Amino acid sequence: MFDFETLAQSVISGDVRKAEELTKKAVSEGVSPLDVINKGLIAGMEVVGQRFKKGDMFVPEVLIAARAMNAGLDVVRPLIADTDLKGMGTVVIGTVKGDLHDIGKNLVGMMMESAGFKVINLGVDVSPERFVEAVKEHDAQIVGMSALLTTTMLVMRDVISALKESGLRDKVKVMIGGAPVTSDFAKEIGADGYAPDAVSATDLAKGFVA
Ligand code: B1M
């Protein structure tokens with residue numbers, strides 16, 4: 001039985017080498033990449049989030065923990081992204097303007113890739129205009145927006161307005177997510193769906209193209 005607790009602990013303490021080594025060990029023992037991510041890497045990052053909230057951890061420590069989590073993700077990424085699935089469609093995904101949080105958004109993008117979507121990851125601090133340009137440029141079927149701040153989640157509405165103004169709103173499905181976002185908020189701003197985590201985000205996207 002793989003020790004997920006120790007893997008989570010390596011993320012919490014920001015031990016990049018240990019996170020990488022333990023992830024490799026899990027993979028070599030046949031642990032599923034999704035379990036490695038959810039029970040080990042994300043579980044560790046959740047503890048970091050709680051400690052950050054209480055003021056027991058500070059920004060530099062959070063960044064170091066995020067680096068350790070990414071080191072683990074780099075190990076499992078090829079295992080879940082290199083599937084033989086046929087193209088499901090193109091998703092343009094980004095963290096909205098003013099917001100620099102990208103760990104969850106990258107995870108969502110990675111899971112979608114593993115499900116066979118072509119994912120255009122626009123990064124962080126993405127303006128409404130940039131979302132519109134990218135939809136046109138890549139002929140995307142889905143727009144995915146992420147926000148982690150109660151202030152920046154409001155930008156999601158602006159992106160939807162920009163899509164309407166450019167005549168693209170009816171051609172794409174819009175999905176949103178991120179810690180402060182809810183399904184009620186999605187309805188309120190006219191998004192097509194909300195997902196609380198990376199796995200349900202992928203299911204939602206699959207439902208859009210089914
Ligand atoms: Co920030 N931060 N942060 N932070 N940070 C939060 C979000 C916060 C809740 C912490 C707190 O105080 N409790 C708080 C927001 C408060 C609020 O608005 N309500 C906060 C704050 C205040 C800030 C700063 C303002 C702090 C400061 O400078 N004073 C600042 C803002 C910078 C900015 O964006 N302009 C800031 C900075 C940072 C760091 C740079 C240090 C770092 C980000 C590093 C990075 O992303 N590269 C950071 C981090 C790491 C966090 C916490 C601790 C962890 C976020 C995270 O990565 N979680 C966070 C506390 C928390 O969330 N508990 C916090 C792990 C990740 C896997 O989960 O991102 O939720 P998550 O993604 C999930 C789901 O939400 C969902 O699926 C993902 C996977 O399951 N999901 C989607 C996400 N996007 C989706 C899109 C979808 C569907 C699902 O469809 C498209």
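Which residue follows H6, and what is the sign of its phi? In this predicted model, the residue after H6 is Asp 139, and its phi is positive, near 50 degrees.

Helix H6 itself, which spans residues 128-138, is a good place to begin a tour. Its buried residues are Pro 128, Phe 131, Val 132, Ala 134 and Val 135. Viewed down the axis of H6, these buried residues fall within an arc of 165 degrees, so they line one face of the helix. Glu 129, Lys 136 and Glu 137, on the other side of H6, are exposed. The partners of the buried residues are S1, strand S3 (142-146) and helix H7 (155-165), against which they pack.

Strand S1 (90-95) also leads to the metal site. The loop between S1 and helix H5 (103-114) holds His 101. Through its NE2 atom, His 101 is the single donor that the protein offers to the cobalt atom of the ligand, at 2.2 Å.

Salt bridges come next, and the count is 9. One of them joins the side chains of Asp 74 and Arg 77, with 2.6 Å from N to O. These two residues are 3 apart in helix H4, and so are separated by about one helical turn. Asp 74 is partly exposed at 46% relative accessible area, and Arg 77 is also partly exposed, at 28%. Another bridge links the side chains of Asp 192 and Arg 169 (2.9 Å, N to O). Because Asp 192 sits in the loop between H8 and strand S5 (193-194) and Arg 169 in the loop between H7 and S4, the pair ties together parts that are 23 residues apart in sequence. Asp 192 is partly exposed, with a relative accessible area of 33%, whereas Arg 169 is buried at 12%. Lys 25 and Glu 29 form a further bridge, at 3.0 Å from N to O. Lys 25 is partly exposed at 42% relative accessibility, as is Glu 29 at 44%.

Helix H4 (residues 59-81) also includes Leu 63, which is exposed, with a relative accessible area of 57%. Together with Phe 52 and Val 59, Leu 63 forms a nonpolar patch on the surface, with about 300 Å² of accessible area in total.

Finally, Pro 180 lies in the loop between strand S4 (173-177) and helix H8 (183-189). Leaving aside residues up to four places away in sequence, Pro 180 touches Ala 147, Leu 148, Leu 149, Thr 150 and Met 153. Asp 3 is 177 residues from Pro 180 in sequence and 31 Å away in space, C-alpha to C-alpha.

Note on methods. Residues are numbered from 1 along each chain as its sequence is written. This is a predicted model: local features need pLDDT of at least 70, side-chain atom pairs count only at pLDDT 80 or more; totals for chains, interfaces and linings use all residues. Side-chain values use heavy atoms; hydrogens and water are left out. Patches are made of residues with over 30% relative accessible area and no salt bridge: like charges are joined within 9 Å, nonpolar side chains (Val, Leu, Ile, Met, Phe, Trp, Tyr) within 5 Å. Accessible areas come from the Shrake-Rupley method with a 1.4 Å probe; for residues, only the protein chains shown count as cover. A salt bridge is a side-chain nitrogen of Lys or Arg within 4 Å of a carboxyl oxygen of Asp or Glu. Helices (H or I, at least four residues) and strands (E, at least two) are DSSP runs, numbered from the N terminus. Buried means under 20% relative accessible area, exposed over 50%, partly exposed in between (1.4 Å probe, protein chains only). Donors are N, O and S atoms within 2.8 Å of the metal (3.2 Å for Na, K and Ca); water is not among the atoms, so sites may look incomplete. The arc is that of the directions from the helix axis to the C-beta atoms. Contact means heavy atoms within 4.5 Å.
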